[in-house]
Amino acid sequence: MSCVQGWPEPIIRVQSLSDSGLDRIPDRYVKPLTERPVVESVVMDEDDKVDIPMIDLAGLFSGDSEIIRATREKVGEACRVWGFFQAVNHGVHPDLMDQARQTWRDFFHQPMEEKQKHANDPKTYEGYGSRLGVEKGAVLDWSDYYFLHYLPSNLKDHTKWPAQPPHHREVVEEYLGEVVKLGQRLMKVFSSNLGLEEDYLQNAFGGEDNGACLRVNFYPKCPQPDLTLGLSSHSDPGGLTILLPDHDVPGLQVRRGDKWITVKPAQHAFIINIGDQIQVLSNATYKSVEHRVIVNPNIERLSLALFYNPRGELLIEPAKELISPENPAMYQPMTFNEYRLYIRLKGPRGKSQVESLKSPR
Ligand SMILES: O=C(O)CCC(=O)C(=O)O
């Protein structure tokens, strides 16, 4: 899918750097001053109390039309106002969430030779990786990751998933199946909240066999967390993201105006956010929102991001139903395969890509 042949420089695993006990991070992880996080001050101000909305999705399964309507409305408001929310009682079993997190933690704590068997390259990104983007000399993020395809089914290849630890593939397969079901439910809620047919977004994504991939982010301890980021500011290029955060270690920050809000993860909640493709399909009624990850000197962090996406070959454009002379289409059509080349080549760059797609008026 791309002309990229390989990484521009030898890959260094951030986990190995961290395990080596260094007390200063190498220069190539040091962010420019304007991108560095402000490490939490002791004084709490009003903004420290602000958090993304928390929504109990049990209402969606209640069978009571009034409760279903009220729950959908909460989701709609969170999508319009925040582009992000936490969800509890979402239908994925807490034990399965814990098992999925644990098996990935075990994966990252295996000997390096085992992990290296799955080392990835920038042609597909599938496997064990340590950088996004292929620009030589780029400043890198303080994280390693594992990326794999789940849907469409012709892209799923278990041989590209870790073979170890034992039962890893079964747990990951079951977990992804359940999270994708949650994604399907949310697509219906989003469609009707936007005033579209309930199946509109799912059909626009390619029907049942849409795209879905998993990136497991591993953020090792960092001796100078004020100089770097675990993941630089970006909006998600896909449709919607269902993130299983590390419930014990905050790190995700969401941009709100010129401030960064640190999300306080609730036990067994998912963090859900709108990606660029839903911004385009909704003609910016819903907007993807920049987010980034800060790192920690004392404790590692792990998160599982399920990206619920359109099939790569489909053209994505604003829904005709949402366009009128007063509200013309804001974006030109583009396939998701073309769209995601940008982040694959350049790495995370705020919201620059979706902004650049705006149609000239
Ligand atoms: O680790 C997190 O909390 C966020 C991860 C994320 O933004 C991503 O994988 O795109």
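These exercises walk through a predicted model, one feature at a time.

**Exercise 1. The shell around the ligand**

Task: Find which residues surround the ligand, and sort them by character.

Solution:
- Step 1. List the shell. Arg-215, Asn-217, Leu-231, Asp-236, Leu-243, Pro-245, Gly-251, Leu-252, His-291, Val-293, Ser-303 and Ala-305 surround the ligand.
- Step 2. Sort the shell residues. They divide into 6 nonpolar, 4 polar and 2 charged.
- Step 3. Look for strands that contribute. Strand 5 (211-219), strand 11 (291-293) and strand 12 (301-309) each supply at least two residues of the shell.

**Exercise 2. An open sheet**

Task: Work out the strand order of the open sheet and name its edge strands.

Solution:
- Step 1. Read the order. The sheet has 4 strands, arranged 6-11-8-9. The pairing is antiparallel.
- Step 2. Find the edges. Strand 6 (231-234) and strand 9 (259-262) each pair on one side only.
- Step 3. Check the twist. From one strand to the next, it averages 25 degrees.
- Step 4. Zoom in on one pair. Strand 6 and strand 11 are joined antiparallel over 2 bridges. Leu-231 stands opposite Val-293 of strand 11. Leu-231 and Val-293 are also among the residues around the ligand.

**Exercise 3. The annotated domain**

Task: Describe the stretch at residues 209-310.

Solution:
- Step 1. Consult the record. An unreviewed UniProt entry places "domain: Fe2OG dioxygenase" at residues 209-310.
- Step 2. Read the make-up. This stretch is 6% helix and 43% strand.
- Step 3. Compare the ends. The end C-alpha atoms of residues 209-310 are 9 Å apart.

**Exercise 4. Two residues, one test**

Task: Locate Asp-98 and Val-263, then decide whether each is buried, partly exposed or exposed.

Solution:
- Step 1. Place Asp-98. Its home is helix 4 (residues 94-108).
- Step 2. Apply the cut-offs. A residue is buried with 20 or more other C-beta atoms within 10 Å, and exposed with 12 or fewer. Asp-98 has 13 C-beta neighbours inside 10 Å, so it counts as partly exposed.
- Step 3. Look across the chain. Asp-98 and Leu-244 are 146 residues apart in sequence, yet their C-alpha atoms are 9.6 Å apart.
- Step 4. Place Val-263. It sits in the loop between strand 9 and strand 10 (270-274).
- Step 5. Repeat the test. Val-263 has 19 C-beta neighbours inside 10 Å, so it counts as partly exposed.
- Step 6. List its contacts. Leaving aside neighbours within four places in sequence, Val-263 touches Asp-51, Ile-52, Pro-250, Leu-252, Val-254 and Ile-271.
- Step 7. Take one more distance. Val-263 and Arg-349 are 86 residues apart along the chain, and 21 Å separates their C-alpha atoms.

How values were computed
Residues numbered from 1 in each chain as written. Predicted model: local features only at pLDDT ≥ 70, side-chain atom pairs only at ≥ 80, totals over all residues. Near = placed C-beta within 6 Å. Nonpolar A, V, L, I, M, F, W, Y, C, P; charged D, E, K, R; others polar. Pairing = 2+ DSSP bridges. Axes fitted to C-alpha atoms, helices over the stretch in contact; angles between N-to-C directions. UniProt positions renumbered as here; feature names shortened; annotations may be inferred. Contact = placed C-beta atoms within 7 Å.
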